[in-house]
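Work through the exercises below with the structure open. Each task is followed by a worked solution.

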Amino acid sequence: MIKFLVEEIDQNARLKKNIIKSQLAWIKERDLNYIVTSINCGGSGYIACENESLINDTLDRIKKLQSFYYIDDN
């Protein structure tokens, strides 16, 4: 039983490490997209354009993360 718990803790630690690594990579990609969007935006709508880009990227990421989460209601 203890061996099983130790293995489960190790698996959880690896999972946590991989999630953090994935999120950091996503943040870098999001920020690069933000820079490109900023360059393409202009005029009085500049801030709105930037915010829309960040919001859309974040919502897309949430949907992707939610696709990994499975709840069995049975």
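The exercises that follow concern a predicted model.

**Exercise 1. Overall make-up**

Task: State how many helices and strands the protein has, and what share of its residues count as buried.

Solution.
- Step 1. The protein has two helices and zero strands. Helix 1 covers residues 2-40, and helix 2 covers 46-68.
- Step 2. Of the 74 residues, 11% count as buried.
- Step 3. The accessible surface comes to about 6,700 Å², and carbon and sulfur atoms account for 61% of this area.

**Exercise 2. Length of helix 2**

Task: Compare the expected span of helix 2 with the distance between its end C-alpha atoms.

Solution.
- Step 1. Helix 2 has 23 residues.
- Step 2. The expected span is 1.5 Å times one less than the number of residues, so for helix 2 it is 33 Å.
- Step 3. The end C-alpha atoms of helix 2 are 34 Å apart, which agrees with the expected span.

**Exercise 3. Buried positions in helix 2**

Task: Identify the buried residues of helix 2 and relate their spacing to helix geometry.

Solution.
- Step 1. The buried residues in helix 2 are E50, S53, D57 and R61.
- Step 2. An α-helix has 3.6 residues a turn, so residues three or four places apart point the same way.
- Step 3. Contacts can be listed for one of these residues, R61: leaving out residues up to four places away in sequence, R61 touches S22, Q23 and W26.

**Exercise 4. Charge pairing**

Task: Find which side chains form a salt bridge, and decide whether R61 is paired or unpaired.

Solution.
- Step 1. A search of the whole structure gives one salt bridge.
- Step 2. That salt bridge joins the side chains of R30 and D31, with an N to O distance of 2.9 Å. D31 is partly exposed, because its relative accessible area is 32%.
- Step 3. R61 is buried but has no salt bridge. The nearest side chain of opposite charge is E29, at 7.3 Å. A salt bridge needs nitrogen and oxygen within 4 Å, so R61 is unpaired.

**Exercise 5. Around the loop and Y34**

Task: Say where C41 lies and whether C41 is buried or exposed, then describe how Y34 is placed relative to helix 2.

Solution.
- Step 1. C41 sits in the loop between helix 1 and helix 2. With a relative accessible area of 11%, C41 is buried.
- Step 2. Setting aside neighbours within four places in sequence, C41 is in contact with Y46, C49 and E50.
- Step 3. C49 belongs to helix 2 and is partly exposed, because its relative accessibility is 28%.
- Step 4. Y34 belongs to helix 1 and is partly exposed at 26% relative accessibility. Not counting residues up to four places away in sequence, Y34 touches E50 and L54.
- Step 5. Y34 and L54 are 20 residues apart in sequence, with 6.8 Å between their C-alpha atoms. For Y34 and C49, 15 residues apart along the chain, the C-alpha separation is 9.7 Å.

**Exercise 6. A surface patch**

Task: Which residues form a nonpolar patch on the surface?

Solution.
- Step 1. The patch consists of M1, F4 and L5, which together have about 370 Å² of accessible area.
- Step 2. L5 lies in helix 1. Its relative accessibility is 41%, so L5 counts as partly exposed.
- Step 3. A patch residue must have over 30% relative accessible area, and L5 at 41% meets this cut-off.

Technical notes. Residues are numbered from 1 along each chain as its sequence is written. This is a predicted model: local features need pLDDT of at least 70, side-chain atom pairs count only at pLDDT 80 or more; totals for chains, interfaces and linings use all residues. Side-chain values use heavy atoms; hydrogens and water are left out. Patches are made of residues with over 30% relative accessible area and no salt bridge: like charges are joined within 9 Å, nonpolar side chains (Val, Leu, Ile, Met, Phe, Trp, Tyr) within 5 Å. Accessible areas come from the Shrake-Rupley method with a 1.4 Å probe; for residues, only the protein chains shown count as cover. Helices (H or I, at least four residues) and strands (E, at least two) are DSSP runs, numbered from the N terminus. Buried means under 20% relative accessible area, exposed over 50%, partly exposed in between (1.4 Å probe, protein chains only). Contact means heavy atoms within 4.5 Å. Lys and Arg count as positive and Asp and Glu as negative; His and the chain ends are not counted.
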